[in-house]
Amino acid sequence: MQGRAKTTPAVLILLGPPGAGKGTQARMLEERYGLIQLSTGDLLRAAVAAGTPAGKAAKAVMEAGQLVSDDIVLAVLKERMAAPDVKAGVILDGFPRTDGQADALDGLLAASGQQVTAAISLEVDDEAMVARVSGRNTCTGCGEGYHDEFKRPATAGVCDKCGGTEFKRRADDNAETARERLKAYHDQTAPLIAHYAKAGVLETIDAMGSIDEIASGLDQIVARVSAP
Ligand code: AMP
């Protein structure tokens, strides 16, 4: 069946190149709607840090800015989706990124009588992306994301959310790897926009604005797609 399923739990997909704001917006949606953010990038980084077989296989690929194989990504995602908290509904951040992943997701959801509620494409300009990605950092304590230019903590060096004072930068957030990641996005992920348009669940949003402007655009979309 095609078209939008106006049922709960919601399955929202955030599509967009690195630096489009998927992670920031997913965290904000999580807080506002009680949905669970599922970031395959975060799951893979945790696997790398834990030294699991999946993490060992993914590490070099991630550092090169390329896509990890569908098998590995699907394995970490399925494990996470088996946890009870995802029953509240999910925001998929950075997944799916290939046709194979999109088909696997459709199958996974169909098995539990669900379908994608909306795939929201965050539309941005390539050059701005490299600048956005290069200034990113994250609070080590709570994971809140910041940016040297666009989102600084109210007090320099202190996390607004948890008061933590340690921040980290991702190994792949540099200009050179960002260009590779953009290339992977255009080659392998952007075609999914057509996949979701065909399924009747595509939404687009101008993501060149401020974090709050994008958040308010997303609110309007979420209100519309989840209305009974
Ligand atoms: P992200 O945090 O979403 O920017 O992802 C960081 C890196 O993890 C990407 O550059 C890929 O190497 C890998 N990755 C994350 N999600 C996926 C995915 N769905 N498919 C393939 N690779 C992924």
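Me: Starting with a definition: two strands pair if DSSP finds at least two bridges between them. Over how many bridges do β2 and β3 pair, and in which sense?

Reply: This is a predicted model, to begin with. In it, strand β2 (residues 36–39) pairs with β3 over four bridges, and the sense is parallel. One of the matched positions is S39, which has D93 in β3 as its bridge partner.

Me: What else does β3 pair with, and in which sense?

Reply: Strand β1 (residues 11–15) also pairs with β3 in the parallel sense, over four bridges. There, I13 stands opposite L92 of β3.

Me: Which way do the residues of β3 point?

Reply: Strand β3 covers residues 90–93. V90 and L92 point one way, I91 and D93 point the other way, and all of them are buried.

Me: Back to β1. How many of its residues are buried?

Reply: Five of the five residues of β1 are buried, so this strand is largely enclosed by the rest of the structure. V11, I13 and L15 are on one side of β1, with L12 and L14 on the other, and both faces are covered.

Me: And which strand pairs with β1 through L14?

Reply: That is β4 (residues 118–123), which pairs with β1 in the parallel sense over four bridges. L14 has I120 in β4 as its bridge partner.

Me: New topic. Which peptide bond is cis?

Reply: The one from F95 to P96 is cis, with omega near -5°. P96 sits in the loop between β3 and α5 (99–111).

Me: Now the ligand. How many residues surround the ligand?

Reply: There are 16 residues around the ligand, and the closest are T40, R45, Q66, G94 and Q101. Sorted by class, this shell has six nonpolar, five polar and five charged residues.

Me: Which helix gives the most to that shell?

Reply: Helix α2 (residues 40–50) does, with four residues.

Me: What does the side chain of T40 do with the ligand?

Reply: An N or O atom in the T40 side chain is 2.8 Å from a nitrogen atom of the ligand. R97 has a polar side-chain atom 3.0 Å from a ligand nitrogen. For R181, a polar side-chain atom lies 3.4 Å from an oxygen atom of the ligand.

Me: How much of the ligand's accessible area does the protein cover?

Reply: The ligand has 480 Å² of accessible area on its own, and the protein covers 97% of that.

Me: You mentioned R181. Which residue forms a salt bridge with R181?

Reply: D172 does, and the closest N and O atoms of the two are 3.8 Å apart. Are these residues buried or exposed, you may ask next: both D172 and R181 are buried.

Me: Why would such side chains pair at all?

Reply: Side chains of opposite charge can pair when their charged atoms come close.

Me: How many salt bridges does the structure hold?

Reply: The structure holds 16. One of them joins R169 and D148, whose closest N and O atoms are 3.0 Å apart. R169 is in the loop between β7 (167–168) and α7 (175–189), while D148 is in the loop between β6 (145–147) and β7, so the pair ties together parts that are 21 residues apart in sequence.

Me: How accessible is R169, and is it buried, exposed or in between?

Reply: R169 has a relative accessible area of 48%, so it is partly exposed. D148 is also partly exposed, at 38% relative accessibility.

Me: Which residues are linked in a network of salt bridges?

Reply: R27, E31, E144, K151 and K161 are linked in one. Within that network, E144 and K151 form a salt bridge with their closest N and O atoms 2.8 Å apart.

Me: Is E144 buried or exposed?

Reply: E144 counts as buried because its relative accessibility is 9%, and buried means under 20%.

Me: Last one. Where is the place of E203?

Reply: E203 is in strand β8 (residues 202–206). Its relative accessible area is 8%, so E203 is buried. The side chain of E203 has a polar contact of 3.1 Å with the side chain of R224.

Conventions. Residues are numbered from 1 along each chain as its sequence is written. This is a predicted model: local features need pLDDT of at least 70, side-chain atom pairs count only at pLDDT 80 or more; totals for chains, interfaces and linings use all residues. Side-chain values use heavy atoms; hydrogens and water are left out. A residue is near a molecule or strand if one of its heavy atoms lies within 4 Å of it. A polar contact is a pair of N or O atoms within 3.5 Å; within protein, one must be able to donate a hydrogen and the other to accept it, and residues adjacent in sequence count only if both atoms are side-chain atoms. Accessible areas come from the Shrake-Rupley method with a 1.4 Å probe; for residues, only the protein chains shown count as cover. Helices (H or I, at least four residues) and strands (E, at least two) are DSSP runs, numbered from the N terminus. Ala, Val, Leu, Ile, Met, Phe, Trp, Tyr, Cys and Pro count as nonpolar, Asp, Glu, Lys and Arg as charged, and the others, Gly among them, as polar. Buried means under 20% relative accessible area, exposed over 50%, partly exposed in between (1.4 Å probe, protein chains only). A salt bridge is a side-chain nitrogen of Lys or Arg within 4 Å of a carboxyl oxygen of Asp or Glu.
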